[in-house]
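Here is a short set of exercises to work through with the model open beside you. Try each task before you read its solution.

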Amino acid sequence: MSTSFSAQVSDWVRETEDRMTRVFRQSAQEVVSAAANRVPIDTGFARASVLASTSAMPSIDPNKKGAGTPANFAAAEAEVSLVIAGAKIGQTIFVGWTAAYVGALEYGHSKQAPEGFVRLAAQRWPAIVAEVSARAEMRAGE
């Protein structure tokens with residue numbers, strides 16, 4: 001029994017939306033990873049202070065200094081991944097590092113050059129989307 005044209009179109013639309021969502025989420029994950037990999041690591045506290053939300057930008061916490069506290073980046077990264085995994089096409093994914101001193105790491109200060117970890121990763125968004133899309137197209141053609 002052949003499938004109706006409208007059913008075929010509906011299937012195609014559903015598959016296309018699914019692929020777009022996967023590219024969106026994977027691209028967001030790769031931008032976050034690109035930024036996180038550039039965060040300078042002393043104790044790991046700044047790197048592990050990453051938070052994500054689909055409702056508002058996480059704020060820098062002036063009391064979050066992490067003096068001498070080794071931080072668990074894997075746990076923070078897992079929480080960010082969960083937010084990204086639940087995001088829908090059209091939603092904004094807000095990602096921010098909340099340690100008190102991340103502004104000084106990002107933009108520099110008198111004793112340290114700027115790292116620009118967020119800005120440099122964000123600038124790569126179009127290229128990352130293109131790379132993720134190309135990989136998805138290759139998999140779809142297999």
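For the charge exercise, Lys and Arg count as positive and Asp and Glu as negative, while His and the chain ends are not counted. The place of a charge is NZ of Lys, CZ of Arg, CG of Asp or CD of Glu. This is a predicted model, in which local features need pLDDT of at least 70, side-chain atom pairs count only at pLDDT 80 or more, and totals for chains, interfaces and linings use all residues. Residues are numbered from 1 along each chain as its sequence is written, and side-chain values use heavy atoms, with hydrogens and water left out.

**Exercise 1. Charges**

Find how far apart the mean positions of the positive and negative charges of the protein chain are.

Solution. Take the 14 positive and the 14 negative charges of the protein chain and find the mean position of each set. The two mean positions turn out to be 4 Å apart.

**Exercise 2. Elements and overall form**

List the elements of the protein chain in order, then decide whether the chain is as compact as the globule rule suggests.

Solution. Step one: helices (H or I, at least four residues) and strands (E, at least two) are DSSP runs, numbered from the N terminus. The protein chain has six helices and two strands, in the order α-α-β-α-β-α-α-α from the N terminus. Step two: the radius of gyration of the protein chain is 19 Å, well over the 14 Å from the globule rule for 142 residues, so the chain is more spread out than a compact globule. Here the radius is taken over C-alpha atoms, and the rule is 2.2 Å times the number of residues to the power 0.38. Step three: along the principal axes, the C-alpha atoms fill a box of roughly 70 × 25 × 20 Å.

**Exercise 3. The nonpolar core**

Identify the members of the largest nonpolar core that touch the most other members.

Solution. Start with the terms: buried means under 20% relative accessible area, exposed over 50%, and partly exposed in between (1.4 Å probe, protein chains only). A nonpolar core is a set of buried Ala, Val, Leu, Ile, Met, Phe, Trp, Tyr and Cys residues joined through side-chain atoms within 4.5 Å. The largest core has 29 residues, and Val50, Ile93, Val95 and Trp97 touch the most other members. Elements giving two or more residues include H1, strand E1 (50–53) and strand E2 (94–97); H1 gives the most, with seven. Next, look at contacts, meaning heavy atoms within 4.5 Å. Beyond four places in sequence, Val50 touches Phe73, Ala76, Val80, Val95, Gly96 and Trp97.

**Exercise 4. Three residues compared**

Is each of Ala36, Gln29 and Gln112 buried or partly exposed?

Solution. Ala36, in helix H1, counts as buried because its relative accessibility is 2%. Leaving aside neighbours within four places, Ala36 is in contact with Arg47, Phe73 and Trp97. Gln29 lies in helix H1 (residues 5–36) and is buried, as its relative accessible area is 15%. With neighbours within four places set aside, Gln29 is in contact with Ser81 and Ile84. Gln112 sits in the loop between H4 and H5 and counts as partly exposed because its relative accessibility is 24%. Gln112 is in contact with Pro40 and Leu105, again leaving aside neighbours within four places. To finish, check a distance: the C-alpha atoms of Gln112 and Ser10, 102 residues apart along the chain, are separated by 55 Å.
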